[in-house]
Amino acid sequence: MQSTGFAHWLVVLVETFAALFVLLLAVAVVVIAAVWVVDRNQASNAVLRNFPVIGHFRYGFLRLGEFFRQYLFSSDREELPFNRAQRVWVYRAAKNAENTNAFGSTRDLRGEGVPFFVNAAFPSLGDHHVEPQPVRIGPYAREPYDHAAFFNISAMSFGALGAPAVRALSRGAAKAGIWMDTGEGGLAPYHLEGGCDIVFEIGTAKYGVRTPDGRLDDGKLTAICAHPQVKMVSIKLGQGAKPGMGGLLPAAKVTPEIAEIRGIPAGQDSQSPNRHLDIGNVSQLLDAIRHIRELTGKPTGFKAVFGDMRMIEELCDEVRQRGIESAPDFIIVDGSEGGTGAAPQTLMEGVGLPLHEALPALIDTLIVKDLRERVKVICSGKRITAYDVAWALSMGADFVNSARGFMLALGCIQSLQCNRNTCPTGITTQDPRLQRGLVVTDKSEKVANYARNVMHEVGIIAHSCGVDDPRQLDRTHCRVVGDDGISVPLVKLFPYPSGHKVA
């Protein structure tokens, strides 16, 4: 009897545990289903929206990484092209979150190349942020452009980016009062949607303004520049990711819509020439600038990666012969560390001057040739944090462009899949399933927040240095750590040409 009773209770116990297991399994299924529905329909996180439920593992690993990273993973300052500390700064700036730290910096302040800014002994009282003043670009154009914001969105094409990303950038740029460069892929309706200022870029394939044989179509360019939002025209000679090579848009990204905007066949790889067919020397470049400026009435300049300054010296000499009005209204100098475009590793890592050499060389050449005031200088190349931007202003740039900084503001997780149409955050893909993860209303706010916070913190640096405008920062306001761990003034590393007076 005792054996029978024990067996009965054992059966009851097993059945109870089985029922509990089934109940827990049912609850788990309901919870997972609920989380799936919530993730799929929320608007603030692209990863969870595209990969409901399993996307949470990423954040679990990130949280565990805070404790195990020092044993198993790289530190906050080791990753490339942007380390974790840089990315987190951008994410927090984009979310308008508190961006202060405690207990000291994790940055190695003795590392070669680290910039320091020279604070004034007695900075002015009052607000700790300094607002930038407008700068006029193109005084000889029919429609000069006055623009205050010194931090703007660099060239990224519709095609390389999906429509939701372009729409979010356009809306965010309008909110922050910054410009957006179209990149070489032509002008899409999504660029205009937000109402921001537009820099229209003409690439070597002349997408959007091309004749069937790849020449410039004046009628198409006139129609594009008739939009009041289009403020300037930039002739792209080259980009930092691939100096000397034209852009490549894989066939998977050449949708019928993109093909129509660019004026190319759909579903085929789109390879741009490595230079403009009609621009083979500085004289032809100045001819093209003059033609476009007269045709459109807009300030016109060019974008290039430099190997040395001989080309700029020749251009300046040609300008002196033709007259100062013939000069480009601006030059965009792209450092070889640029990287938003798909490119061979050899070109990306081994060709062209990095920005820390190219920018001062360009500025100094323009000073020597007495064209510095006439030609405005815009720079780009891994400038994503406030001190990156402040360094560029100190070196002499009038404006700083960023591409990857704004990609991070859109939610980029540096998955390095920009060229594969498989971007998990929906930024650099034409796949509607992945684009769904990028909610325009949410990301446009983050784009605007990021731009405002970068400029705000550069303003704080300027105030600390005792100047009235961030553009008044110069090489005396910044020091850079050398290979011996000791900092030296920028003006000693890159002395101004003889006769130049520091403001």
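So, Ser394: leaving out its neighbours within four places in sequence, this residue is in contact with Phe117, Leu473, Asp474, Arg475, Cys478, Leu490 and Tyr496. Keep in mind that we're looking at a predicted model here. Ser394 sits in helix H13, residues 386-395. Is Ser394 buried or exposed? With a relative accessibility of 1%, Ser394 counts as buried.

And what about the rest of that helix? H13 is mostly covered, with 9 of its 10 residues buried. The buried ones are Ala386, Asp388, Val389, Ala390, Trp391, Ala392, Leu393, Ser394 and Met395. Right after H13 you hit Gly396, and its phi is positive, near 130°.

Okay, on to the rings. The count of aromatic pairs comes to 6. Let me pull out one of them, Phe158 with Tyr190: their ring centres are 5.2 Å apart and the planes sit at 65°, so this is an edge-to-face pair, given that anything over 60 degrees goes in that class. In sequence, the two partners are 32 residues apart, and the pair links distant parts of the chain. Phe158 is in the loop between strand S4 (151-153) and helix H5 (163-176), while Tyr190 belongs to helix H6, residues 189-193. Both ends of this pair are tucked away: Phe158 counts as buried at 1% relative accessibility, and Tyr190 is buried with a relative accessible area of 16%. For Tyr190 the cut-off to have in mind is 20%, because buried means under that value.

Then there's Trp179 with Phe399. That pair is tilted, with 5.0 Å from centre to centre and 45° between the planes. Where do the two residues live? Trp179 is in strand S5 (residues 179-181) and Phe399 is in strand S13 (residues 399-402), so the pair ties together parts of the chain that are 220 residues apart in sequence. Trp179 and Phe399 are both buried. Add Tyr145, and ring pairs link Tyr145, Trp179 and Phe399 into a cluster.

Two members of that cluster turn up again around Met232. Setting aside residues up to four places away in sequence, Met232 touches Tyr145 and Trp179, and also Ile137, Ile198, Val199, Phe200, Lys298, Pro299 and Phe330. Met232 itself is in strand S7, residues 230-236, and it counts as buried because its relative accessibility is 0%. If you want a distance for one of those contacts, take Phe330: the C-alpha atoms of Met232 and Phe330 are separated by 9.5 Å, and the two residues are 98 places apart along the chain.

Now a loop residue, Ala205. You'll find Ala205 between strand S6 (197-202) and helix H7 (218-225). Ala205 counts as buried too, since its relative accessibility is 4%. Its contact list, again without residues up to four places away in sequence, is Arg210, Ser272 and Pro273. From the C-alpha of Ala205 to the C-alpha of Asn274 the separation is 8.9 Å, with their positions 69 residues apart along the chain.

Last topic, helix packing. We describe two packed helices by the angle between their axes and the distance between the axes.

Let's do H5 against helix H16 (residues 440-465). Their axes are 7 Å apart and the packing angle is about 45°. H5 and H16 are therefore oblique to each other, and the crossing is right-handed. On the H5 side, the contact uses Pro164, Arg167, Ala168, Leu169, Arg171, Gly172, Ala173, Lys175 and Ala176. Facing them in H16 are Val440, Thr441, Lys443, Ser444, Glu445, Val447, Ala448, Ala451, Arg452 and Met455. By type, that contact divides into 10 nonpolar, 3 polar and 6 charged residues.

The other pair I picked is H10 (residues 310-322) and H12 (residues 355-368). Here the axes come within 10 Å and cross at roughly 25°. So what does that angle make them? H10 and H12 are roughly parallel, because the angle falls under 35 degrees. This crossing is right-handed as well. H10 brings Ile312, Glu313 and Cys316 to the contact, and H12 brings Leu362, Thr365 and Leu366. Those residues divide into 4 nonpolar, 1 polar and 1 charged.

That's what I had. Over to you.

Definitions and conventions:
Residues are numbered from 1 along each chain as its sequence is written. This is a predicted model: local features need pLDDT of at least 70, side-chain atom pairs count only at pLDDT 80 or more; totals for chains, interfaces and linings use all residues. Side-chain values use heavy atoms; hydrogens and water are left out. Axes are lines fitted to C-alpha atoms, for helices over the stretch in contact, and angles run from 0 to 180 degrees between N-to-C directions. Helices (H or I, at least four residues) and strands (E, at least two) are DSSP runs, numbered from the N terminus. Angles under 35 degrees count as roughly parallel, over 145 as roughly antiparallel, 65 to 115 as roughly perpendicular and the rest as oblique. A crossing is left-handed if the near helix is turned anticlockwise from the far one by less than a right angle, and right-handed if clockwise. Contact means heavy atoms within 4.5 Å. Ala, Val, Leu, Ile, Met, Phe, Trp, Tyr, Cys and Pro count as nonpolar, Asp, Glu, Lys and Arg as charged, and the others, Gly among them, as polar. Rings of Phe, Tyr and Trp (its six-membered ring) pair if their centres lie within 6.5 Å; planes under 30 degrees apart count as stacked, over 60 as edge-to-face and the rest as tilted. Buried means under 20% relative accessible area, exposed over 50%, partly exposed in between (1.4 Å probe, protein chains only).
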